[in-house]
Amino acid sequence: AGGWQEHWRVDTPTISGKCLGILGLGTIGNRIAHRAARGFDMEIGYHNRKAVTGSSYRYFDSLIELATWADFLICAAPGGAGTRHLVNADVLTALGPQGYVVNIGRGTVIDTAALIDALRSQRMAGAGLDVLEGEPSVPPILPELLQCDNVVVTPHVAGRAPESRTAATALILDNLNAYFAGKPLLSPVSFKG
């Protein structure tokens, strides 16, 4: 449309030296924290159900307190009933008009209707979503979300780099080889009930 020069002049923040809040300091959350702290000199805070033993990052026992403190909030939490709409209107408001939320965990973690409202009313600066509520189908609320000019949406592609796929395939094969050799699995999954 020829509008790229106008878009190029949009004020965008840097992330260096800012505060990064992470919802879900598991394996992926920890790797994000490590890279952000070392690569971008970011201060790291996180929220989990409980503090991670041995973590040097600042623990917040309240997600609203983490969002109030953070410039950027990354959601790397698993889905399920316990995390459904954990990032709600109150959390998005706490993030503030300069704050950004990024979701790479599960779409259900963020209340999409509350997110659209916060984006439209500019109670927060923007969002980056690699996962959406309602996936794998195209979510019915997607057209409304895409009307916001302060959101970037991708179709859950964060783990689809060729190197990621090669590593995942190798891990599957290593687990199968260990299983059939009667050895402990490299990445066991426990099922309840």
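The following exchange examines helix α5, the salt bridges, the nonpolar cores and the largest pocket of a predicted model.

Visitor: On what basis are residues numbered and values computed here?

Guide: Residues are numbered from 1 along each chain as its sequence is written, and side-chain values use heavy atoms, with hydrogens and water left out. The model is predicted: local features need pLDDT of at least 70, side-chain atom pairs count only at pLDDT 80 or more, and totals for chains, interfaces and linings use all residues.

Visitor: Which residues of helix α5 are buried?

Guide: Helices (H or I, at least four residues) and strands (E, at least two) are DSSP runs, numbered from the N terminus. Buried means under 20% relative accessible area, exposed over 50%, and partly exposed in between, with a 1.4 Å probe and protein chains only. Within α5, which spans residues 112–120, the buried residues are T112, A114, L115, I116, A118 and L119.

Visitor: Which residue caps the N-terminal end of α5?

Guide: The cap is a polar contact (a pair of N or O atoms within 3.5 Å; within protein, one must be able to donate a hydrogen and the other to accept it, and residues adjacent in sequence count only if both atoms are side-chain atoms). A side-chain oxygen lies 3.2 Å from the backbone nitrogen of A113, and the residue that provides this oxygen is D111.

Visitor: Which residue of helix α6 does R120 pair with in a salt bridge?

Guide: A salt bridge is a side-chain nitrogen of Lys or Arg within 4 Å of a carboxyl oxygen of Asp or Glu. The closest N and O atoms of the R120 pair are 3.3 Å apart, the partner being E144. Since R120 lies in helix α5 and its partner in helix α6, the pair ties together parts that are 24 residues apart in sequence. R120 is partly exposed at 45% relative accessible area, and at 34% so is its partner, E144.

Visitor: Is E133, the salt-bridge partner of R84, buried or exposed?

Guide: The side chains of R84 and E133 meet at 3.4 Å, N to O. R84 lies in the loop between β4 (72–75) and α4 and E133 in the loop between β6 and α6, so the pair ties together parts that are 49 residues apart in sequence. R84 is partly exposed, at 47%. E133, at 18% relative accessibility, counts as buried.

Visitor: Which element supplies the largest share of the largest nonpolar core?

Guide: A nonpolar core is a set of buried Ala, Val, Leu, Ile, Met, Phe, Trp, Tyr and Cys residues joined through side-chain atoms within 4.5 Å. The largest one has 32 residues, and V87, V101, L115 and L145 have the most contacts inside it. At least two residues each come from β1 (19–23), α3 (63–69), β4, α4, α5, β6 and α6. The largest share, five residues, comes from α5.

Visitor: Which helix provides the largest share of the lining of the largest pocket?

Guide: On a 1 Å grid over the protein atoms alone, a pocket is an open set of points where a 1.4 Å probe fits, with protein on both sides within 12 Å along at least five of seven lines; lining residues have an atom within 4 Å of a point. The largest pocket has 32 lining residues, of which G24, I28, G29, A76 and A77 lie nearest its centre. The largest share of this lining, six residues, comes from helix α2 (residues 27–40).
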